[in-house]
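Me: I am new to this structure and would be grateful for a close look at a single part of it. Please take the metal site as the point of departure and describe its surroundings in one connected account.

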Amino acid sequence: MYTCLFRGGTLVDGSGQPPCRADVAVTGNRIVAVGKKIDGLATGIIDAGGLVLAPGFIDIHSHTDTTLFRYPLAESKAFQGVTLEVTGNCGLGVFPVQAGREQELADFLRLHDFTLPEEWLAWSDFATYADLIDSLGLGIHVAPLVGHAPLRIAAMGMDDRPPTALELERMQSLLAAALQQGAWGMSTGLIYPPGSYAATDELVALARTVAAFDVLYASHIRNEGEGLMAALDEAIAIGRESGARVQVSHLKAMGRGNRGRGEEILARIAAARATGVDIGADQYPYAASATTLSAVVPQWAHAGGVAVLMRRLRDPALRERLEAEIGQAMAAREGATGIMVANIRSERNRGLSGQSVAAIAAVWGCPPAEAVIRLIVEEEGAVGAIFFSMSEEDVATILADPQVAVGSDGHGLNAAQAAGEATHPRSYGTFPRVLGRYVREKNLLPLASAVHKMTGLPAGRLGFADRGLVRPGFAADLVLFDPAAVNDPADYADPHRYATGVVHLLVEGEPVIRDGELTGKRPGRVLRKVRV
Ligand SMILES: [Zn+2]
């Protein structure tokens, strides 16, 4: 007796093979049969006629680490067909927590717009964090990476210097402990202090530990603008020297000077792969990025932590230099008109959310760089921003590459609860945007390739043996969607709008979405990589 039988649908199985007509049967939390026509009894028979059945989408690049405490159902992701979130990206992780360094880690995470829950001091490592997350009752699965920043903060705080041999050993042993407990790899964020303070040899040393565990080294590379090629070369070198599997996060060509370089960066990665470096990439399908506004503040100003940063930003003696360098950093992106301020927490400045830095500067009657400093100081660091700094052509070029996975770089949010916060629409629209806008409307890539980029490809990069494909024996994480209706209504002006077109979503064989509606079921859990 099957618990669920999908009949008469179009199967896109995640391997990249062309779509075909097939029935799929599920018993409990596993797929048990795939075939042209499956007979037999089932508790639930789903007429999949006219619809596409695919493996649940894997968001290889998310930042849902602490939003799960507020939104354990990760609704904005579930409605996109996502059944698995990979967290801990861009070097931004919430463990390990070193006794005595809690405040430094909390300040760092706040600067990156993380809201730490009350109970955050109850975890210290991967295992205690994972147990706590599990106790929330999740809608979809989570697979955490270890962030490089918390490792570095645990070993040496926010210091701008190379680690001593002992400190490096400490980072390696903390990393190994988390991987032993079941983490899926390590991430770096090499534009953000303290990750940016790490030289290549420190990263190679840590990537060797990653390689020893045969997991993923995911990197927000050191420069996505002028220094893009050198930064890519560094990622390639880290892969070559360590033997680790490398994932370039949110691949893009940023800033005016980089327009049209999409082909070139893909060629660089393909050439490295041809010489034996196991390197891949992921991307979100938008021409704007989003991160902390403090990303335009020079790295030296961050040394020592957030409290010192605030002191420097208020210091009249440093003002001229800071404004000049912030001005340059904005110009390298797309200037003050291309930066939209988001996620403001204070009452007094909330009205500025959704406005450009240029507009805010005009209201305040000051230069844009001064407005940036004032905002960061008044918000104690916690200001998000959306940067309109890529070309649509490059986004499409990179998206068309069958070897680049899809990853949102966003969060799992509840639209009603998060309403009113300016945020990037990618948290709501990444996957349906690829399927609707780029596959159906623009015909940029075949449906089977797009689905592979969301399922089999990321599952392979992460080392999942039983997810990412529709095969007997694989986990029953499945999405049934309407290829004619799948859409992403979320945009920059109105981001909190759920995607449309997902009819059913199964996580571990349980319906999280049924007939387009959330069921409230919570079959999700933290997936721990089993060491063999
Ligand atoms: Zn990033």
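Reply: The model is a predicted one. In this model, the C-alpha centres of domain 1 and domain 3 are 47 Å apart. Domain 1 is assembled from residues 4-55, 473-485 and 500-518, while domain 3 covers residues 292-388. Domain 2 comprises residues 57-287 together with 390-462.

The metal site comes next. A zinc ion is coordinated by the SG atom of C90, the ND1 atom of H220 and the NE2 atom of H250, at 2.0 to 2.4 Å. Along the chain, these donors follow the spacing C-x129-H-x29-H. H220 belongs to strand β11 (residues 216-220), whereas H250 is found in the loop between β12 (245-248) and α9 (262-274), so the two histidines tie together parts that are 30 residues apart in sequence. Are these two residues buried or exposed? H220 is buried, with a relative accessible area of 4%. H250 is likewise counted as buried, at 3% relative accessibility.

Helix α8 occupies residues 228-242. The helix contains 15 residues and extends 21 Å from its first C-alpha to its last, which is close to the 21 Å expected at 1.5 Å a residue. Its buried residues include L228, M229, A231, L232 and E234, and A235, I236, I238, G239 and S242 are buried as well. The packing partners of the buried residues of α8 are α7 (200-212), β11, β12, α9 and β13 (279-283). Strand β11, which holds the zinc donor H220, is thus one of the elements against which these residues pack. After α8 comes G243, whose phi is positive, near 80°.

Strand β7 (residues 82-87) may be considered next. Six of its six residues are buried, and the strand is accordingly described as mostly covered. Strand β6 (residues 57-59) pairs with β7 in the parallel sense over three bridges. In this pairing, D59 stands opposite E85 of β7. Strand β8 (residues 141-144) also runs parallel to β7, and four bridges join the two. Here L84 has H141 of β8 as its bridge partner. In general terms, strands of a sheet pair through backbone hydrogen bonds, either parallel or antiparallel.

The antiparallel sense appears in another sheet. Three strands form an open sheet in the order β14-β16-β15, with antiparallel pairing. β14 (288-292) and β15 (339-342) are at the edges and have a single partner strand each, so one side of each is left without a neighbour in the sheet. From one strand to the next, the twist averages 25°. Five bridges connect β14 and β16 in the antiparallel sense, and S289 has F387 in β16 as its bridge partner.

Beyond this sheet, one further residue deserves attention. S391 is placed in the loop between β16 (384-388) and α14 (392-399). S391 is buried, with a relative accessible area of 5%. Which residues does S391 contact, leaving aside its neighbours within four places in sequence? With those neighbours set aside, S391 is in contact with R259 and A287.

Definitions and conventions: Residues numbered from 1 in each chain as written. Predicted model: local features only at pLDDT ≥ 70, side-chain atom pairs only at ≥ 80, totals over all residues. Heavy atoms only, no water. Domains from an automatic or database assignment. Donors = N, O, S within 2.8 Å, 3.2 Å for Na, K, Ca; no water. Buried < 20%, exposed > 50% of the residue type's maximum accessible area, 1.4 Å probe, protein only. Expected span 1.5 Å × (residues − 1). Contact = heavy atoms within 4.5 Å. Pairing = 2+ DSSP bridges. Axes fitted to C-alpha atoms, helices over the stretch in contact; angles between N-to-C directions.
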